[in-house]
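I am opening this notebook to record what I looked up, beginning with strand pairing and then turning to helix packing.

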Amino acid sequence: MDEGVLFYSWRDCLFRVPEGVQPPKAGSRFFCGHLSVRPGERVLEIGAGLGMAAIIAARAGAIVVATDVVPGAIAAVQANAALNGVTVDARLGDCYAPVRGERFDLICSNPPQMPTPPGADREDAQSAADNGGVDGWALLDRIIAGAAPHLAPRGRLVFTIFDFLGLKTALAKVEAAGLVPSVLARETQAFPRIGYERLEHLRAMDREAALGSGRPATVERLMIEGRAR
């Protein structure tokens, strides 16, 4: 092992976590734990980070493309794929730009989705990996809206959301994109550690009143699927 370098073990995989790439958190474990992949499927992970889901999919026998806007993340995916003895096609670029004209059996993402007040965004790895824009949907909206042209017949889009983004809202967005929506899984997790200003902003964005009063102790994490007709 490299001295001073963080490694993360999950199930039978080992991941090297380089500086500038966020280590896996509860959302990543939930996402990977409920991700179903069949051998031979073409899989796209958007916002791959260190490549946890992409590598698990590759180990299940899928043909995997992983994209991210952070060069360090692409390097991490490549290194972690080699570390785990699999092949992942890691591509640098924003959302669907690196896979223009391609189709997949599964598109998956555990994207940044924490509503962030204007001017409160920061450049450190954890903040960048959590920042979902003012309402939390900045990247999610683009992933959902752009999925259908990149899905094979009966292909599926799978992503996670916090319940305070709105389950009804999520299902409606998936349906508006021409996909059949459903909830695959849900899990109660510890509420993220955020400051008062961000919590108040989050409450202002909580249009379906998922949050209780005071500082919440827990939050529901949901895994949503949209299936092509």
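I began with a single bridge and found that Ile-107 of strand E6 has Leu-157 in strand E7 as its bridge partner, bearing in mind throughout that this is a predicted model. Widening the view to the two strands, I noted that E6 and E7, the latter covering residues 151–162, run parallel and are joined by 5 bridges.

I then asked which residue in E6 is the bridge partner of Val-43. I found that this partner is Leu-106, and that strand E3, residues 42–46, pairs with E6 in the parallel sense over 3 bridges.

Next I checked how far E6 is covered, and recorded that 5 of the 6 residues in this strand, which spans residues 104–109, are buried, so E6 is largely enclosed by the rest of the structure.

Turning to the helices, I looked up how H1, residues 26–33, packs with H2, residues 52–59, and found an angle of about 20 degrees, with the axes 10 Å apart. Because angles under 35 degrees count as roughly parallel, I entered H1 and H2 as roughly parallel to each other. I also wrote down that the crossing of H1 past H2 is right-handed.

Which residues make this contact? From H1, I listed Ser-28, Arg-29, Phe-31 and Cys-32, and from H2, Met-52, Ala-53 and Ile-56. Sorting the residues of this contact between H1 and H2 by kind, I counted 5 nonpolar, 1 polar and 1 charged.

Technical notes:
Residues numbered from 1 in each chain as written. Predicted model: local features only at pLDDT ≥ 70, side-chain atom pairs only at ≥ 80, totals over all residues. Heavy atoms only, no water. Buried < 20%, exposed > 50% of the residue type's maximum accessible area, 1.4 Å probe, protein only. Helix = DSSP H or I, 4+ residues; strand = E, 2+ residues; numbered from the N terminus. Pairing = 2+ DSSP bridges. Axes fitted to C-alpha atoms, helices over the stretch in contact; angles between N-to-C directions. Parallel < 35°, antiparallel > 145°, perpendicular 65-115°, else oblique. Left-handed = near helix turned anticlockwise from the far one by under 90°. Contact = heavy atoms within 4.5 Å. Nonpolar A, V, L, I, M, F, W, Y, C, P; charged D, E, K, R; others polar.
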